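Welcome! Here is a short briefing to read alongside the structure. Keep the viewer open and look for each part as it comes up.

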Amino acid sequence: MSGSVISARDLIGRGYNKWWHARNFYKINKGSRGSKKSWNQQTEIIAKMMAYPWMNWVVARRYATTLRDSVYVGLKAAANRLGASELWRFTTSPMEATYLPTGQKILFRGFDDAIKLTSIQLERGTLTHVWIEEAYELESRDKLDTLVEGLRGELPKGAYRQVVMTFNPWSEHHWIKAAFYDKESPDVLAITTTYKCNEFLDAATVNRYERLYQENPRRARIVCDGEWGKAEGLVYNNVTYRPIDPGEVRKLPIQIGLDFGYTHDPTALTVNYVDEERKILYITDEHYERGMLSDDIADMIRRKGYENAVIIGDCAEGRLIEELRRKGIRRLKACEKGADSIRQGIDQLLTYRIVCDSSLRNTREEFESYAYEQDKLTGKFTNKPIDADNHIMDALRYSLQCGRRSLKVKTFSGGI
């Protein structure tokens with residue numbers, strides 16, 4: 001290891017001391033945005049493998065296609081943060097990481113490849129640890145148990161096995177809540193972390209989170225407090241999440257909506273393809289970013305390959321729409337709004353089965369928090385949605401006003 005020794009404690013900061021020292025078989029961490037849960041786990045894996053020569057990990061997500069741009073990149077970055085990158089070899093075929101001094105391994109797997117989950121073997125040592133990132137994507141405990149069954153074999157003295165799960169909470173009806181949070185077990189450490197334990201966040205991000213308590217308490221419960229989302233009163237109950245193969249939508253007409261923001265609100269782009277015959281709407285891409293000027297927006301649209309598509313933007317920003325047209329986004333049009341356009345757009349979207357690509361985090365957060373207002377006297381839900389943190393929801397409604405045509409694009413998904 002070159003240079004001075006880097007302290008993992010200094011890299012992680014406060015809030016995870018008990019987590020690092022726990023040896024419970026299950027360690028479960030649900031957390032808010034900005035709570036350091038993934039950063040912490042990446043650092044923990046690299047640091048502990050260098051400390052314990054018997055430790056080997058499988059790092060898993062629900063879908064193998066999401067591994068490379070998330071946990072694989074994150075663990076590679078963690079080795080670099082710890083000043084140990086020259087001691088590790090990361091390969092993509094096969095996707096694995098090797099600690100060179102001992103030959104210890106990190107294997108990367110997706111739960112959509114059952115054979116690889118049930119036949120995990122190592123040249124040296126035995127599998128001891130599992131990290132499941134975005135564990136909320138697992139539809140049932142059966143998938144978890146399939147992987148846990150691979151944790152077998154004799155361990156050296158002092159060694160232990162462990163299954164780690166990290167995720168952002170969504171619905172209170174998810175099986176993880178009942179399995180690990182609603183009852184206590186000596187085998188389980190189940191914690192909740194929030195942005196408040198992250199001393200590395202900048203002031204603007206903290207202020208944005210804290211405003212959310214006033215602007216949208218329901219969304220703040222998930223985004224700021226790391227608590228389970230309430231299923232009651234949601235506007236859309238017709239959405240499922242999974243990776244969408246480009247071949248599924250290649251011949252379908254594209255629809256793109258654009259909602260504008262700047263300081264406090266993001267500029268939000270949503271891209272979907274519509275199968276009218278089967279009444280399925282596939283959401284494949286998003287962009288979600290504050291502080292974007294017209295040049296930034298035009299560059300983003302070109303980079304994603306949508307400059308030749310019809311895009312429907314918020315008609316309240318007529319000057320910005322004209323600026324973007326002059327910058328080459330010539331098929332950008334203003335949406336049409338009427339007295340009941342929100343209700344009509346929602347009703348139209350509810351006629352589809354919506355399939356959202358599982359990589360679109362911001363889209364999912366809005367779907368899981370976009371709810372109807374409650375009557376203050378009766379507590380009953382009205383037919384009026386809460387007008388807060390609904391930027392992708394608005395862009396999605398605008399997109400319905402696109403013409404029906406297909407488009408070949410340079411990229412498929414991976415919005416900010």
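A good place to start is Ile 312, which stands opposite Lys 333 in strand β14. Please keep in mind that this is a predicted model. From that pair of residues we can work outwards to one sheet, then to a helix lying across it, and then to a second sheet and the cores.

**The seven-stranded sheet**

- Strands β13 and β14 pair in the parallel sense, over three bridges.
- They belong to an open sheet of seven strands, whose order is β9-β15-β12-β11-β10-β13-β14 and whose pairing is mixed.
- Strands β9 (239–242) and β14 (332–334) stand at the edges with a single partner strand each, so one side of each has no neighbour in the sheet.
- On average, neighbouring strands here are turned by 30° against each other, with direction ignored.
- Helix α12 (residues 318–326) packs on this sheet and touches β10, β13 and β14. The direction of α12 makes about 165° with that of β14.

**Helix α15, a covered helix**

- Is helix α15 mostly covered or mostly uncovered? Helix α15 (residues 391–399) is mostly covered, with nine of its nine residues buried.
- The buried residues include His 391, Asp 394, Arg 397 and Ser 399, along with Ile 392, Met 393 and Leu 396.
- What covers them includes four strands, β10 (254–259), β11 (267–275), β12 (280–289) and β13 (311–313), and also the helices α13 (341–349) and α14 (361–369).
- Helix α15 lies across β10, β11, β12 and β13, and runs at about 135° to β10.

**Where α14 meets α15**

- Two packed helices are described by the angle between their axes and the distance between the axes.
- For α14 and α15, the axes come within 8 Å and cross at roughly 95°. That crossing makes α14 roughly perpendicular to α15.
- Which residues meet here? From α14 come Asn 362, Thr 363, Glu 366 and Phe 367, and from α15 come His 391, Ile 392, Met 393 and Leu 396.
- Sorted by class, this contact has four nonpolar, three polar and one charged residues.

**The eight-stranded sheet**

- Another open sheet has eight strands in the order β3-β4-β5-β2-β6-β7-β1-β8, and its pairing is mixed.
- Its edge strands are β3 (88–92) and β8 (188–193), each of which pairs on one side only.
- Neighbouring strands in this sheet are turned by 15° against each other on average, direction ignored.
- Strand β1 (residues 26–31) pairs with β8 in the parallel sense over six bridges. Within this pair of strands, Asn 29 stands opposite Ile 191 in β8.
- Helix α4 packs on the sheet, touching β2 (57–61), β3, β4 (95–99), β5 (104–110) and β6 (129–133). The direction of α4 makes about 165° with that of β3.

**The nonpolar cores**

- The largest nonpolar core has 37 residues, and Leu 75, Trp 88, Ile 106 and Phe 108 have the most contacts inside it.
- Which helix gives the most to this core? Helix α4 (residues 68–81) does, with five residues.
- Leaving aside neighbours within four places in sequence, Ile 106 is in contact with residues including Ile 45, Met 49, Trp 57, Val 59, Leu 75, Trp 88 and Glu 96.
- Apart from this core lies another, of 30 residues, among them Tyr 26, Phe 167, Ile 176 and Ala 179.

Definitions and conventions: Residues numbered from 1 in each chain as written. Predicted model: local features only at pLDDT ≥ 70, side-chain atom pairs only at ≥ 80, totals over all residues. Heavy atoms only, no water. Buried < 20%, exposed > 50% of the residue type's maximum accessible area, 1.4 Å probe, protein only. Helix = DSSP H or I, 4+ residues; strand = E, 2+ residues; numbered from the N terminus. Contact = heavy atoms within 4.5 Å. Core = buried A, V, L, I, M, F, W, Y, C linked by side-chain atoms within 4.5 Å. Pairing = 2+ DSSP bridges. Axes fitted to C-alpha atoms, helices over the stretch in contact; angles between N-to-C directions. Parallel < 35°, antiparallel > 145°, perpendicular 65-115°, else oblique. Nonpolar A, V, L, I, M, F, W, Y, C, P; charged D, E, K, R; others polar.
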